[in-house]
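Colleague: I'm new to this one. Could you walk me through how to read it?

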Amino acid sequence: MATTAEVFEEPFVADEYTERLVWRTPGGGSRGGPEAFDPKRLLEEFVSHIQELQIMDERIQRKVEKLEQQCQKEAKEFARKVQELQKSNQVALQHFQELDEHISYVATKVCHLGDQLEGVNTPRQRAVEAQKLMKHFNEFLDGELKSDVFTNSEKINEAADIIQKLHLIAQELPFDRFSEVKSKIASKYHDLECQLIQEFTGAQRRGELSRMREVAAVLLHFKGYSHCVDVYIKQCQEGAYLRNDIFEDAAILCQWVNKQVGDIFSNPETVLAKLIQNVFEIKLQSFVKDQLQECWKSDAEQYLKSLYDLYTRTTNLSSKLMEFNLGTDKQTFLSKLIKSIFISYLESYIEIETSYLKSRSAMILQRYYDSKNHQKRSIDTGGIQDLKERIRQRTNLPLGPSIDTHGETFLSQEVVVNLLQETKQAFKRCHRLSDPSDLPRNAFRIFTILVEFLCIEHIDYALETGLAGISSSDSKNANLYFLDVVHQ
């Protein structure tokens, strides 16, 4: 078996290596094999193989020592090169520092030279600008505009800049001497302003945001800038209200404009706030008025439901708009818009609410008594608090004729539920529509109506009727009707 270093590479198993050596040695098999077992021969093979392994170990050890010496030599050489590189790096760093100082010195000189050039160039630019304005001013004095900037429609932006400056200059001139030229400049100012607004309108219809931004930047210095914003707001709303839900349409419109307005105007929060104000004061106010006008006097229930629904949807829309940047105090801004729409309706709300609740409660009770063919009687009473005293008096004193109720208790769970449901709706509307300072007072008025019709007009009346139905003490037939009333 040839012995090489490759035999001992991983994974190496000594038992397997010995087993292979035994089986490859003649006479190393078992006694039942083709060759008889020869321990002596196997021992000689082991001794010989061990000697080979020793020789190979010595050879490998010498090779390892040689490689270690070579590695130490290369490590020393590498360390020497590193030291040389460090020295070179220090030299380079010193050169860089010197270069940096030199660059700083040159930069200082350049900045100083730039300041000097700017000091010379700024007055020169002003002089050139003044000369150009004087040239164009002379054209207005002569009454004939020959410059290409005024005759070429493609240079409207440059012309607008010039006319805006001339218009400011003309404001300082005496009217008696320059009335004619001031009039011409003002006329040209107005014409260019109209052209720019038309250009902005056309660009908006074509969806050219970059052109809209350019024109808006020019118009920013004109008096008609607000008109440009008005045009933008008006065209944004064209075709915006196509659904049946105007509040959802308004929310979608404001979200879309909020994404776009920053790419057009330099003051997007002001433009967006003006759009929202326009939507509230024109579109929503008109819609609310139309909805409530139909049932103002004819149907109080529908009026209250519509008022609550419209106010709730308006406040929900305001909550959605709170996420936009509308300036400093957007909470106050939106609250004022809501108040401007509903102020006239909210001032008279509680009177309509209480009047409707009274009439509705009276109708519920009357409908119940009519179903029993009962005519309510006016019974003099001191209240339920003296109930025990009155029963004692009725059992000891002679009584007048009692009321025949035919076994009716005149108490109805359905009536109670209806009254509580109506009051619940009134409380719900009161909580939403009342001013915070008026809310306790308004809620108490509603509660007073509930007490009047539920506790006094229905429950107390049934008890008083039951008391009146108690038989006298000398009656032969006992009447348990009152106990039925108490039980119910």
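Colleague: How many cavities of 30 Å³ or more are there?

Modeller: A cavity is a set of points on a 1 Å grid over the protein atoms alone where a 1.4 Å probe fits but cannot get out. Points join across faces, edges and corners, and the volume is the space filled by probe spheres set on them. In this predicted model, the count is one, with a volume of about 30 Å³.

Colleague: Which residues line the largest cavity?

Modeller: Lining residues have an atom within 4 Å of a point. Here they are Leu357, Ser361, Leu419, Thr423, Ile449, Leu450, Phe453 and Leu454. Helix 12 (349-371), helix 14 (413-433) and helix 15 (439-468) each give two or more; helices are DSSP runs of H or I, at least four residues, numbered from the N terminus. Helix 15 has the largest share, four residues.

Colleague: How far can I trust the coordinates?

Modeller: Check pLDDT, the predictor's confidence in each residue, from 0 to 100. Where pLDDT is low, the predicted coordinates should not be read in detail. The chain's mean is 79, and 73% of its residues reach 70 or more. Helix 14 scores highest, at a mean of 94, and helix 13 (residues 387-396) lowest, at 56. Over residues 397-401, pLDDT stays under 50.

Colleague: Any ground rules?

Modeller: Residues are numbered from 1 along each chain as its sequence is written, and side-chain values use heavy atoms, without hydrogens or water. Local features need pLDDT of at least 70 and side-chain atom pairs 80 or more, while totals for chains, interfaces and linings use all residues.

Methods:
1 Å grid on protein atoms, 1.4 Å probe; cavity = no way out; pocket = protein on both sides within 12 Å on 5 of 7 lines; lining within 4 Å. Contact = heavy atoms within 4.5 Å.
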